[in-house]
Each structure stands twice: as C-alpha cells, then as structure tokens.
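Here are my comments on the model, as numbered points. Please read them with the structure open.

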Amino acid sequence: MALLTLTDVYKSFGGVKAVDGVSMRVEKGEIIGLIGPNGAGKTTLVNIISGFYKPDRGEILFNGSDVTTKPPYIRAKLGIARTFQNPRLVSNMTALLNVAYAVLGREDAKNMSLYEAVAEAIYYLDLVGLLRRRDVLAKDMPLYELRLLELARALALRPKLLLIDEVMAGLNPAEAEKVRKLIINIKEQLDLTIIWIEHVLKLVMKTVDRVVVMHYGKIIAEGSPKEVAENPVVIEAYTGKRMVAI
Ligand SMILES: Nc1ncnc2c1ncn2[C@@H]1O[C@H](COP(=O)(O)OP(=O)(O)OP(=O)(O)O)[C@@H](O)[C@H]1O
C-alpha cells in the first residue's frame with residue numbers, strides 16, 4: 001500500500017489553476033524531489049497534502065485513511081509534518097523551547113512533563129546539529145540555523161511523511177550541502193518518507209529516489225533523476241536550457 005495517494009486533485013485561485021488534476025503515489029521510504037518552474041503549483045500541492053488548503057476536487061489517502069477534508073492538526077496527528085519556506089518559529093523563544101513546544105503539541109504528549117519534552121527536544125536539536133545553540137533565541141539565529149531549527153520542529157511531531165519546502169533558499173553552497181546530508185541522515189535514522197520541493201536542482205538530483213516535475217499545475221514528468229534530466233518535455237519547461245549536470 002502506498003503511504004500517500006493523490007487522485008485527480010484540483011485547486012484554483014480565481015482564474016488560476018494552481019493544481020490542475022494531479023494524481024500521485026508515494027511509497028513508504030521514498031524521497032521524492034518535487035520540482036518545476038516558479039508558479040508551477042508545488043507549494044499549493046504541499047499545502048493540499050498537509051491540509052492547509054482543501055482541494056476543490058480529488059481525493060487524498062494517507063496511510064489508508066481518507067484525509068481529503070481533514071484539517072492540518074489531524075493530518076499532523078496521523079503523521080504528516082512540513083517545513084515552511086519562511087520558517088515559522090516563535091522568535092522570542094529559545095531553540096530548545098521551540099522544539100519542546102512542538103513535542104508538547106503532539107497527541108501522545110498530553111501527559112508529558114516539560115522536563116520530558118525538553119529531553120526529547122534535545123534529541124532532535126542534536127540530530128540537526130543545533131544542540132550547542134539550544135539557549136539562543138530564534139530571532140537571534142542566522143537563516144541557516146533557522147532552517148535546521150525548522151527541521152527539528154517538524155521532526156518533533158514524529159512524522160511518517162515529511163514535506164520540505166525550499167529549505168536551501170538563501171543558503172550558501174557549503175550550508176546547502178550540510179543540509180542535504182542532514183536530509184539523507186534523518187530519513188535513514190527516523191525511517192521517514194520525504195517530499196522535498198527544491199529549486200536547487202543539482203542538490204535534489206543527487207539525493208532523491210524519484211523526481212516529480214510540475215508545470216502550470218500539472219505533473220509533466222516523473223522518474224529517476226537521470227530520466228527526468230534527459231526528458232525533452234522537462235528541458236522545454238525549464239526554458240529550453242539543459243537543466244542540470246548529473
Ligand atoms: N493563496 C493564493 N492566492 C492566489 N493565488 C495563489 C495562491 N497560492 C498560489 N497561487 C497561485 O497559484 C500558482 C501556483 O503557485 P505555487 O506557489 O503553488 O507555485 P510554486 O511551484 O510553489 O512556485 P515557487 O517555486 O515560485 O514557490 C501561482 O500562479 C500562484 O500565483
């Protein structure tokens with residue numbers, strides 16, 4: 001059984017068909033790169049999967065349950081977590097409390113003490129390499145650390161499916177490479193399935209199992225990184241240039 005199945009999903013904003021009949025299966029343990037030119041509909045699709053947008057039409061099954069009309073908190077409970085392009089953290093709280101707060105928001109943490117939540121938060125901070133920075137306020141952290149903290153916050157929800165939205169934006173190549181390795185590491189250690197929206201194609205292509213390409217709200221290609229990079233339809237969508245050297 002697929003972990004996630006989208007069937008004929010649509011979402012329009014006024015006259016704009018942001019997601020236009022998308023069907024997609026995600027198997028457990030996969031890491032999928034979701035790519036496509038600006039405005040292709042990638043973030044809208046992630047908003048639909050995480051429950052921030054209700055689709056106009058179509059069906060979403062997650063782990064055997066129909067979640068099409070379920071709100072984000074129910075989907076989070078079932079195991080869907082996401083990061084945001086602009087990290088959504090509490091700026092006046094320390095890194096540690098930001099993650100502990102996410103732990104305490106979990107259904108299974110109802111009877112958890114703050115002490116236990118902090119202990120668990122320390123594990124996630126360590127996993128993303130931010131343990132030494134645990135007492136720094138989020139508002140005092142540079143973008144690279146905020147991206148790591150955003151990942152730790154999402155992991156603290158103990159997801160089965162992690163949706164990562166443009167985590168590399170604004171990072172330098174060395175930072176981006178560290179985050180790429182971290183994504184591989186957390187996937188293995190926490191047995192995750194990942195859908196990763198990314199514009200830095202070179203990083204996606206050398207990391208993911210499968211690439212899904214969107215353009216004008218539709219999936220125009222999918223396959224291995226090599227297949228997709230050589231697909232003429234994809235090259236055309238990326239303004240005719242050869243898209244990436246792999
Ligand atoms: N809340 C909204 N209201 C109106 N239009 C929207 C909204 N969200 C997205 N759109 C439109 O839907 C289309 C798809 O946008 P979306 O952000 O999903 O694309 P994207 O592939 O994530 O783009 P990018 O790579 O630039 O982030 C665009 O034309 C966008 O302007």
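1. Start with the pairing of S1 and S4. These strands run antiparallel and are joined by 5 bridges. Within this pair, Thr 5 of the register sits opposite Leu 61 in S4. Keep in mind that this is a predicted model.

2. S1 also pairs with S2. That pairing is antiparallel too, and it covers 8 bridges. Phe 13 faces Val 16 in S2 across the pair. The two strands make a hairpin, with 2 residues between them. Gly 14 lies in the turn and has a positive phi of about 60°.

3. Now the whole sheet. It is open, has 4 strands and follows the order S2-S1-S4-S5, with antiparallel pairing. The edges are S2 and strand S5 (65-66); each has a single partner strand, so one side of each lacks a neighbour in the sheet. S5 is joined to strand S4 (residues 57-62) by 2 bridges, and the two run antiparallel. Phe 62 stands opposite Ser 65 in S5.

4. A helix covers this sheet. H1 packs on it and touches strand S1 (4-13), S2 and S4. The direction of H1 makes about 60° with that of S2.

5. Which residues surround the ligand? They are Phe 13, Val 16, Ala 18, Gly 36, Asn 38, Gly 39, Ala 40, Gly 41, Lys 42, Thr 43 and Thr 44. Phe 13 and Val 16 are also the residues that stand opposite each other in the S1 and S2 pairing. Strand S2 (16-26) and helix H1 (42-50) each supply at least two residues of the shell. The largest share, 3 residues, comes from H1. By class, the shell holds 4 nonpolar, 6 polar and 1 charged residue.

6. There is another open sheet. It has 6 strands in the order S6-S7-S8-S3-S9-S10, and its pairing is mixed. Strand S6 (80-82) and strand S10 (218-223) are at the edges; each has a single partner strand, so one side of each is left without a neighbour in the sheet. Neighbouring strands here are turned by 20° against each other on average, direction ignored. Inside this sheet, strand S7 (residues 161-165) and strand S8 (residues 193-197) run parallel and are joined by 5 bridges. Leu 161 stands opposite Thr 193 in S8.

7. Check the backbone at two aspartates. Most residues other than glycine have a negative phi. Asp 8 has a positive phi, near 50°. It lies in strand S1. Asp 8 is exposed, because 11 other C-beta atoms lie within 10 Å and the cut-off is 12 or fewer. Asp 191 also has a positive phi, near 55°. Its place is the loop between helix H6 (173-190) and S8. Asp 191 counts as exposed as well, with 10 C-beta neighbours inside 10 Å.

8. Is Lys 206 buried or exposed? Lys 206 is exposed, with 12 other C-beta atoms within 10 Å. That count still qualifies, because exposed means 12 or fewer. Lys 206 sits in the loop between helix H7 (201-205) and strand S9 (210-215). Lys 226 is 20 residues away along the chain, and the two C-alpha atoms are separated by 9.5 Å.

9. Val 234 gives the opposite case. It belongs to helix H9 (residues 232-237). Val 234 is buried, because 22 other C-beta atoms lie within 10 Å and the cut-off is 20 or more. Val 234 and Leu 182 are 52 residues apart in sequence. In space they are 28 Å apart, C-alpha to C-alpha.

10. Last, the chain as a whole. The protein chain has 9 helices and 10 strands. Its C-alpha trace spans about 55 × 40 × 35 Å along the principal axes. The radius of gyration is 18 Å, which agrees with the value near 18 Å for a compact globule of 246 residues. Buried residues make up 42% of the 246 residues. Of the contacts with a separation of 6 or more, 64% join residues 24 or more positions apart.

Notes. Residues are numbered from 1 along each chain as its sequence is written. This is a predicted model: local features need pLDDT of at least 70, side-chain atom pairs count only at pLDDT 80 or more; totals for chains, interfaces and linings use all residues. A residue is near a molecule or strand if its C-beta atom, placed from the backbone, lies within 6 Å of it. Ala, Val, Leu, Ile, Met, Phe, Trp, Tyr, Cys and Pro count as nonpolar, Asp, Glu, Lys and Arg as charged, and the others, Gly among them, as polar. The radius of gyration is taken over C-alpha atoms; the globule rule is 2.2 Å times the number of residues to the power 0.38. Two residues are in contact if their C-beta atoms, placed from the backbone, lie within 7 Å. Two strands pair if DSSP finds at least two bridges between them. Axes are lines fitted to C-alpha atoms, for helices over the stretch in contact, and angles run from 0 to 180 degrees between N-to-C directions.
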